[in-house]
Amino acid sequence: MLREIRFLLEHRVFLSATPHNGYTVSFTGLLELLDPLRFQMKAELEDSDRNHWEQVRIRRLKDDINRCSLRPPFAEQKPPEQINIQLTQQEQDLFAALREYRRHGHTVLESGATQSVRNMS
């Protein structure tokens, strides 16, 4: 989808707490989505690619943010609070169906794991 709409957007920012899969081609593919003039999807990196990184990449770690903030946003851990909500009957039915789907999935996985163990003996 990003490849289809990237030409409609002048500026792009990717934010993620999840690293890419570690393959150079995947990483350079993401960079190409950000800036196709500087980066091309490829399996091997070149020195020019590393030079371009310095022009576009900024990495912020939680410690960096906390160090520069008057009140660090990640410093306090607050306990979760329960939020009471009223579900419609349709929403209740959907959650019941999802719980049944999950229960069935666990059953299938457990029977498959048991079957795999039997096959190994």
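Me: Which helix does S111 lie in?
Reply: Keep in mind that this is a predicted model. With that said, S111 lies in helix α5.

Me: S111 in that helix: is it buried, partly exposed or exposed?
Reply: Buried means under 20% relative accessible area, and exposed means over 50%. S111 comes in at 45% relative accessibility, so it falls between those limits and counts as partly exposed.

Me: What lies 2.9 Å from a polar atom of the side chain of S111?
Reply: The partner is a backbone atom, while S111 brings a polar atom of its side chain. The partner atom is the backbone oxygen of V108.

Me: Staying in α5, how far apart are the closest N and O atoms in the salt bridge of E100 and R103?
Reply: E100 and R103 both lie in helix α5, three residues apart, about one turn of the helix. An α-helix has 3.6 residues a turn, so residues three or four places apart point the same way. E100 is partly exposed at 41%, and R103 is partly exposed too, at 44%. Their closest N and O atoms are apart by 2.5 Å.

Me: Which residues do salt bridges that share partners join into one network?
Reply: One of the bridges links E46 to K42, with the closest N and O atoms 3.8 Å apart. D49 belongs to the network as well, and the full set is K42, E46 and D49.

Me: Is K42 buried or exposed?
Reply: Its bridge partner E46 is partly exposed, with 43% relative accessibility. K42 has 18%, and the cut-off for buried is under 20%, so K42 counts as buried.

Me: What about R38, which residue forms a salt bridge with it?
Reply: R38 is partly exposed, at 28% relative accessible area. The partner counts as buried because its value is 17%. The closest N and O atoms of the pair are 3.1 Å apart, and the partner is D35.

Me: How many salt bridges does the count come to?
Reply: Among them are R38 with D35, E46 with K42 and E100 with R103. The full count comes to four.

Me: Over in α2, what is the relative accessible area of T28?
Reply: T28 sits in helix α2, which spans residues 24-34. Leaving aside residues up to four places away in sequence, T28 touches Q40, M41, K42 and L45. T28 is buried, and its relative accessible area is 3%.

Me: What covers the buried residues of α2?
Reply: The buried residues in α2 are T28, G29, L31, E32 and L33. Their cover includes α1 (2-5) and α3 (47-56).

Me: Now for the surface: about how many Å² does the nonpolar patch with I83 and F95 have?
Reply: I83 is in the loop between α4 (62-67) and α5 (89-120), and it counts as exposed because its relative accessibility is 68%. I83 makes the patch together with I85, L87, L94, F95 and L98. The area of the patch is about 590 Å².

Me: Zooming out, how many helices does the protein chain have?
Reply: From the N terminus on, the elements run α-α-α-α-α. There are zero strands, and the number of helices is five.

Me: What percentage of the 121 residues in the protein chain is buried?
Reply: The chain exposes about 11,400 Å², with carbon and sulfur atoms supplying 56% of that. As for the buried residues, their share of the 121 is 10%.

Conventions:
Residues are numbered from 1 along each chain as its sequence is written. This is a predicted model: local features need pLDDT of at least 70, side-chain atom pairs count only at pLDDT 80 or more; totals for chains, interfaces and linings use all residues. Side-chain values use heavy atoms; hydrogens and water are left out. Patches are made of residues with over 30% relative accessible area and no salt bridge: like charges are joined within 9 Å, nonpolar side chains (Val, Leu, Ile, Met, Phe, Trp, Tyr) within 5 Å. Accessible areas come from the Shrake-Rupley method with a 1.4 Å probe; for residues, only the protein chains shown count as cover. A salt bridge is a side-chain nitrogen of Lys or Arg within 4 Å of a carboxyl oxygen of Asp or Glu. Helices (H or I, at least four residues) and strands (E, at least two) are DSSP runs, numbered from the N terminus. Buried means under 20% relative accessible area, exposed over 50%, partly exposed in between (1.4 Å probe, protein chains only). Contact means heavy atoms within 4.5 Å. A polar contact is a pair of N or O atoms within 3.5 Å; within protein, one must be able to donate a hydrogen and the other to accept it, and residues adjacent in sequence count only if both atoms are side-chain atoms.
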